[in-house]
Amino acid sequence: MTDQELQALMDSDLDVGAKALYRQYAQYMYAIIFRILRDCGSREDVEDCFAETFAEIIQHRDGI
């Protein structure tokens, strides 16, 4: 699914679009966050940062 298709899906049905976004990008996002925080944060910190980042993406999806 392209990013434009994801955006259109979120515009038409936010829940379905957010799930599709999660399926497509969650592993990539987690890997990046883990790599940044691995030397200074706990696993819980990584998970918290991941959840907050995902929520920010959904909240500001129109500006992305």
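In this predicted model, F50 counts as buried, because its relative accessibility is 11% and the cut-off for burial is under 20%. F50 is found in helix α3. Its contacts, leaving aside neighbours within four places in sequence, are Y22, A26, M29, Y30 and I33. Two of these partners, A26 and M29, also appear among the buried residues of helix α2. So does I33. F50 is not in the neighbourhood of every residue in the chain: its C-alpha atom is separated by 23 Å from that of E5. Along the chain, F50 and E5 are 45 residues apart.

The overall fold is simple to list. The protein chain has three helices and zero strands. From the N terminus on, the order of elements is α-α-α. The C-alpha trace spans about 40 × 20 × 20 Å along its principal axes. The chain has 64 residues, and 23% of them count as buried. Among contacts with a separation of 6 or more, 40% come from residues 24 or more positions apart.

Helix α2 covers residues 14-37. What does α2 show at Y25? A kink of about 55° is centred on this residue. The end-to-end span of α2 can be set beside that bend. The helix has 24 residues, yet its end C-alpha atoms are only 29 Å apart. A straight helix would reach 34 Å at 1.5 Å a residue. Within the helix, the C-alpha atoms of Y25 and L14 are separated by 16 Å, and the two residues are 11 apart along the chain.

Which residues of α2 are buried? They are G17, A18, A20, L21, A26, M29, I33 and L37. The cover over these residues includes α1 (3-12) and α3 (43-59). Y25 itself lies in α2. It is partly exposed, because its relative accessible area is 25% and this class runs between 20% and 50%.

Y25 also reaches towards another helix. Leaving aside neighbours within four places in sequence, Y25 is in contact with D3 and L6. D3 has its place in helix α1. Its relative accessible area is 44%, so D3 is partly exposed. D3 can also be compared with a residue further along the sequence. D3 and I57 are 54 residues apart in sequence, and their C-alpha atoms are 13 Å apart in space.

D3, Y25 and I57 come together in the description of the largest pocket, since each is named in its lining. Rolling a probe the size of a water molecule over the atoms shows where empty space is left. About 220 Å³ of space lies in the largest pocket. Which residues line it? The lining is made of D3, L6, Q7, M10, L21, Y25, M29, I57, R61 and I64. The elements giving two or more residues to this lining are α1 and α2. Helix α1 gives the most, with four residues. By class, the lining has seven nonpolar, one polar and two charged residues.

Some residues thus recur in several of these results. L21 and M29 are buried in α2 and also line the largest pocket. M29 is in addition one of the contacts of F50. Y25 marks the centre of the kink, touches D3 and L6, and is part of the pocket lining.

Conventions: Residues numbered from 1 in each chain as written. Predicted model: local features only at pLDDT ≥ 70, side-chain atom pairs only at ≥ 80, totals over all residues. Heavy atoms only, no water. Expected span 1.5 Å × (residues − 1). Bend = angle between axes of the 7 residues up to and from the residue. Buried < 20%, exposed > 50% of the residue type's maximum accessible area, 1.4 Å probe, protein only. Contact = heavy atoms within 4.5 Å. 1 Å grid on protein atoms, 1.4 Å probe; cavity = no way out; pocket = protein on both sides within 12 Å on 5 of 7 lines; lining within 4 Å. Points joined across faces, edges and corners; volume = space filled by probe spheres on them. Nonpolar A, V, L, I, M, F, W, Y, C, P; charged D, E, K, R; others polar.
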